[in-house]
Amino acid sequence: MSEAAEPKREKPEGWGDINSVLGAPLENVTGDASWISVICMWLTLPISCIQGIIGGLCQAFMAFFVLGCYCCQCIPQWLCCSGMGSAECGRPCILAPAWWRYVIGGLVALIANSKSRLALFIWEWKAFGEGDHYWHGEGYWAVKYQECSEITKSEQKRASAFGCIQACVPDLFATNILLFLSNDGPDSEWAHMRSALHCTLLDRGASWYIERSKKLRSLVAAEWPNPQLTDLSDTPRVRLMVAKCVFYMMFGVWLPNEDAEIMRGWRDNALYFVLPRLVHRFLFNFGIRKVKSLRANSVAVIEKHGLESFIVDINEKLPERYKRTPVVKLCDEMMFAVGFAGIGGTSACCETVGAFLQRKIPEEASAHLINFEKFPTIESMVEAFKNDPLSYIKEACRIDPPVTSATSVSKETRVVTLKGRKYTMPENTFHNYTLSMANRDPTVFANPDVFDPSRTELNMALTWNGAFGTPDDEKVYPRICPGRYLSLDVALALVGHVVGLDEGYSLP
Ligand code: HEM
C-alpha cells in the first residue's frame with residue numbers, strides 16, 4: 001500500500017479489513033488450473049508452444065483445438081482433445097493439455113491480429129464458419145445484432161464469469177459484483193445493488209451531480225494548461241485525468257496525483273482481468289498480486305479521504321439478506337464499479353476519441369477495420385467533434401467499443417452451428433454477446449467500418465450494453481450501463497478542454 005493512501009481515521013463500525021476479503025478461499029479453480037497442471041504445462045512447454053503457434057496462425061487448427069477430432073463426437077462426454085469437450089466436462093486436470101495449447105494459440109492469434117480484440121473475434125468467427133456463433137474460452141459467442149440486442153433486453157442469468165471464462169474469484173475479481181449477478185426480478189440482489197449504486201453515486205438528476213458536472217471542466221483546465229491535440233496521445237496523462245474526473249463525479253473529491261495514480265491502475269492493469277487462472281498461475285500469479293494490491297490501495301483511497309460513509313449508506317439501503325459483512329467488502333465491490341467499469345471504460349473511450357481526432361488508429365484497434373474516408377484531415381475531424389461532440393463520441397465507441405463483449409449464461413439447452421455442424425449447448429453454458437461485432441452488423445449499420453457520426457442508426461449501437469439514446473433505454477435494456485452519462489460527461493470535459501469546445505456545451 002502506498003504511503004499516500006495510508007488510512008488516517010477511525011473506521012466505521014463493522015468496516016473490517018480488506019485483506020480478509022482478498023484472502024478468502026479461492027472459488028472456481030478448475031482441474032486444469034491446478035498447480036500440478038501448471039507444472040506439467042511448464043515441463044512440456046515446447047510441445048504446447050509449437051501447437052499453439054500453429055493454432056494461433058491457422059484457423060482450421062484453432063477450430064480443431066476447440067471442437068476436437070470428429071471421432072470425439074462419437075464418444076459423448078469424452079471429447080478427448082477438445083477445449084469445448086473439456087469445458088463441458090468441467091475442465092478436469094486430465095484434459096488440461098487441450099487448454100495448454102488453446103491458451104497459447106489464443107495469445108498468438110491475438111498478437112497476429114494487431115492485438116485487437118475485435119480483429120481476433122472476427123478471425124475466430126471465420127475459423128468457425130462465419131455463422132451466427134463462434135466459440136471462445138468456455139462458451140459460444142453471439143455475433144449478430146438481433147441476438148445480442150435480444151439478450152441485452154432480457155432477464156439475464158449470470159455467473160462469476162468474464163470474457164466467457166470462469167473469473168478468478170475472490171483474488172482477482174470480487175465476488176458478487178454487479179456484473180456477476182442475474183437480473184431476475186425486482187427483488188433480486190442485482191436490482192437492489194444497482195438501485196443503491198445509482199441513488200448514491202450515479203444519479204444524474206441529483207443536485208450534487210449537476211453541481212459537480214458544472215465544475216468538472218474548470219478542474220480539468222486548472223491541471224491541463226495550454227492543451228494540444230497531441231496531448232491526447234499521452235495515455236498516462238489521459239488516464240490520470242479520467243481517474244480524477246470519475247472519482248470526483250462519484251465522490252466529490254478531486255484526488256491528488258498520488259491517489260489518482262492508484263486509481264489509474266484499473267485501466268493500466270486491464271489485461272489481467274481477462275486471463276484465466278491457468279495463465280495467471282503459469283505466470284506465478286504476478287497479475288493477481290498486482291490486482292490484489294490495486295484493490296487494497298483503492299479501498300485505502302476511500303479510507304484516506306473519509307468516504308466510508310458513502311459505502312455504509314449503500315449497505316444500509318440493502319435488504320438485510322444482501323448486506324455485506326464486513327462492509328469493506330462492499331467498498332471493494334464498489335471500487336469495481338468506479339475503477340474497472342468507470343475508469344477503465346471511460347479511459348478507453350477518451351483514448352479512442354483522442355486517436356480518432358488525430359486520424360490515428362487506437363492502440364487496441366486494427367487499421368483495416370477503421371475507415372476515416374469521410375474526414376480526410378485532422379482539421380475536419382476536430383470540426384466534426386465541435387459540431388456534434390455527443391455523436392462523435394458515440395460513433396468512435398461504436399467502431400472501437402471500450403467494452404467488447406459481456407458474459408451471460410444460457411437458460412436453456414440450444415443447438416448452435418459451428419463449422420457447419422450442429423452442437424448441443426446444455427443449459428448453463430456461457431453465452432457471450434459480442435457487442436463489438438453487433439455494432440458492425442451490416443444489416444443495421446450501413447458501411448460499418450466507416451467512421452460517420454452523422455449516421456442515422458447511431459443510437460442503435462449497443463456500446464453501453466443497450467441502444468443508448470433510444471426511447472426509454474433504461475426500461476428496454478435493464479442492464480444498460482448505469483454510468484453511461486457520466487462517461488460522456490467526463491469525455492466531454494476532457495476532450496472538450498483539449499479541442500477548445502464551447503464551455504457552455506452540455507449533454508442533452
Ligand atoms: C465509455 C465508457 C463506458 C462504457 C462503454 C461502458 C459499457 C458498459 C457495458 C457494455 C456494460 C455491461 C457489461 C456486462 O454486463 O458484462 C456496463 C456495465 C456497467 N457499467 Fe459501464 N461503461 C462505461 C463507463 C462506465 C462508468 C463511467 C461507470 C460508472 C462509474 C460504469 C458502471 C457500470 C456498471 C456498474 C455496470 C454493471 C451494470 C449491471 O450489470 O447492471 N460504466 N458498462
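This talk covers the domains, one sheet, the ligand shell and one threonine of this protein.

Keep in mind that the model is a predicted one.

I will start with the domains. The protein is divided in two: domain 1 takes residues 3-33 + 113-499, and domain 2 takes 34-112. Their C-alpha centres lie 29 Å apart. Where they touch, domain 1 gives 22 residues and domain 2 gives 25 residues. On the domain 1 side, helix H7 (117-127) and helix H14 (277-282) are the elements that give two or more residues each. H7 has the largest share there, with 5 residues. By character, that side of domain 1 divides into 12 nonpolar, 3 polar and 7 charged residues.

Next, the sheet. It is an open sheet of 4 strands, in the order S1-S2-S8-S5, and the pairing is mixed. Which strands stand at the edges? They are S1 (133-136) and S5 (406-409). Each has a single partner strand, so one side of each is left without a neighbour in the sheet. On average, neighbouring strands are turned by 35 degrees against each other, direction ignored. As a reminder, strands of a sheet pair through backbone hydrogen bonds, either parallel or antiparallel. S5 and S8 (residues 430-433) run antiparallel and are joined by 4 bridges. In that pair, Ser-408 stands opposite His-431 in S8.

Now the ligand. The residues around the ligand number 25, and those that come nearest are Gly-342, Gly-345, Ala-406, Cys-481 and Gly-483. Helix H17 (327-357) and helix H22 (484-499) each supply at least two residues of this shell. H17 provides the largest share, 7 residues. The shell divides into 16 nonpolar, 7 polar and 2 charged residues.

Last, one residue, Thr-463. Thr-463 sits in the loop between helix H20 (435-438) and helix H21 (473-476). Is Thr-463 buried or exposed? Thr-463 has 28 C-beta neighbours inside 10 Å, and therefore counts as buried; the cut-off for buried is 20 or more. Leaving out residues up to four places away in sequence, Thr-463 touches Cys-397, Arg-398, Pro-401, Leu-435, Asn-439 and Phe-468. Thr-463 and Ser-347 are 116 residues apart in sequence, and their C-alpha atoms are 15 Å apart in space.

That is the end of the talk.

Note on methods
Residues are numbered from 1 along each chain as its sequence is written. This is a predicted model: local features need pLDDT of at least 70, side-chain atom pairs count only at pLDDT 80 or more; totals for chains, interfaces and linings use all residues. Two strands pair if DSSP finds at least two bridges between them. Axes are lines fitted to C-alpha atoms, for helices over the stretch in contact, and angles run from 0 to 180 degrees between N-to-C directions. A residue is near a molecule or strand if its C-beta atom, placed from the backbone, lies within 6 Å of it. Ala, Val, Leu, Ile, Met, Phe, Trp, Tyr, Cys and Pro count as nonpolar, Asp, Glu, Lys and Arg as charged, and the others, Gly among them, as polar. Domain bounds come from an automatic or database domain assignment. Two residues are in contact if their C-beta atoms, placed from the backbone, lie within 7 Å. A residue is buried if 20 or more other C-beta atoms lie within 10 Å of its own, exposed if 12 or fewer, and partly exposed in between; C-beta atoms are placed from the backbone.
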